[in-house]
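Please open the model in your viewer and keep the selection panel at hand. The tour begins with the whole chain and then moves from one selection to the next.

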Amino acid sequence: MPAALVADPVLDVGREAFTGGRDYLAACTLGLPPTAAVEGMRVHLDAWAAGRPDPVAYTAAVERSRGLYAGLVGVDPARVAIGSQTSVYAALVAASLPDGAEVLCAEGDFSSLVVPFVRAGRGITVRTAPLTDLAASVRADTALVAFSLVQSATGDVADADAIARAAASVGAPTFCDVTQAVGWMPVDAAMFDMTVCHTYKWLCAPRGVAFFTASPGVVASTRPIFAGWYAGDDPWTSCYGGDVELAPDARRFDVSPAWQAFLGAEPALALFASLDAGAVFAHTTSLAERFRRGRGMDAAARPSAIVTWTDPTGCDLARLAAAGITASGRAGRARVAFHVFNDAADVDRALRALGV
């Protein structure tokens, strides 16, 4: 068994901020809510039930969440749109492509990122390549490169620098899904033309809170096809009729926010904004590497908080479940994920459950 990890300040945050987490190795499926998020939602839900809803407070939580997320991914809040699902923003991007455009995607990437392009019509085609070959597969007629920074099925981390350089060399914009990355690894959204993130995984927010980032060029060239009242420059004066002045920045791509979800998202995002991203990265990837060594697996090509291995019959996943450990299985693989609420004991219990 590998030696115990050195003292880790991230553990103190995990213990204090979360009620659960022991034996929970499934943040890549669904994050656990921090105690502050649960309490924040409960207060407002109780007030709502008592006949005292507060839309002004809800809207303030939405806007604070936008700012917190912008800080987490290193962009100005003016580049951040709020939404609820990855596929909606993928469809927005697809709608902006010219007829007959070719989109390059990674093989086996998450369907919500890929399907909107496959179903876009107008002669738009999707070509796929292995993640490791994605940069080399960019060609002169590639109109867009769409990929996940961290692959959901495998936990593999893309060579984002190489992909971005290859796309830029042919003038193709990049659209990166950072859902499986933000929260455990540092992410610079500014290196991509567009990104999308659903925050219910590693950012531990309620499902229904997503963010889209767009460069100024994308804002200028993309039609806001699902604009509603919240896409207005001043949403509360944009509630009626079609004569609405849209926001001049990425807010024009806002969708009407799921208020109650944002009430939980704000404290969750505030928690991660308070953490040192480098320390979280070191903590989560060290746990994952401890697990890999324990199973005799090779080191990951790029450090990842997600570890997967072939488990076509689901036997390993069943062993973990029998030991009271929550993990997940995807695409014929068993999958474990290590987050701020996990520690070395979680790793070692999982290894014992697998007979190591």
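Begin with the whole chain selected: of its contacts with a separation of 6 or more, 70% are between residues 24 or more positions apart, where contact means heavy atoms within 4.5 Å. This is a predicted model, in which local features need pLDDT of at least 70 and side-chain atom pairs count only at pLDDT 80 or more, while totals for chains, interfaces and linings use all residues. Residues are numbered from 1 along each chain as its sequence is written, and side-chain values use heavy atoms, with hydrogens and water left out.

Switch to a cartoon view, in which the chain has 11 helices and 10 strands; these are DSSP runs numbered from the N terminus, helices being H or I with at least four residues and strands E with at least two. The radius of gyration is 21 Å, close to the 21 Å that the globule rule gives for 356 residues, so the chain is as compact as a globular protein of that length. That radius is taken over C-alpha atoms, and the rule is 2.2 Å times the number of residues to the power 0.38. Along the principal axes, the C-alpha atoms fill a box of roughly 65 × 60 × 35 Å.

Of the 356 residues, 51% count as buried, a term that means under 20% relative accessible area, with exposed meaning over 50% and partly exposed in between (1.4 Å probe, protein chains only).

Next select strand 1 (residues 80–83), where V80 and I82 on one side and A81 and G83 on the other are all buried, so that both faces are covered. Add strand 7 (residues 210–214), which runs antiparallel to strand 1 and is joined to it by four bridges; two strands pair if DSSP finds at least two bridges between them. Within this pair, G83 stands opposite A210 of strand 7.

From strand 7, step back into the loop between strand 6 (194–198) and strand 7, where C204 lies. C204 has a phi near 60 degrees, a positive value in a residue other than glycine, and at 1% relative accessibility C204 counts as buried. Is A331, the next residue to select, buried or exposed? At 69% relative accessibility, A331 counts as exposed, and its place is in the loop between strand 9 (328–330) and strand 10 (333–337). A331 also has a positive phi, of about 55 degrees, although it is not a glycine.

Now turn to three threonines, beginning with T59 in helix 3 (residues 55–73), which is buried with a relative accessible area of 11%. Leaving aside neighbours within four places in sequence, T59 is in contact with Y230, W236 and W259.

Move on to T284 in helix 9 (residues 277–294), which counts as buried at 0% relative accessibility. Which residues does T284 touch, not counting those up to four places away in sequence? They are W184, A305, F338, H339 and V340.

Then select T125 in strand 3 (residues 125–129), which is partly exposed with a relative accessible area of 42%. Apart from neighbours within four places in sequence, T125 is in contact with A101, E102 and V103.

Finish with L45 in helix 2 (residues 35–49), which counts as partly exposed at 34% relative accessibility. Measure in the viewer from L45 to A160: their C-alpha atoms, 115 residues apart along the chain, are separated by 41 Å.
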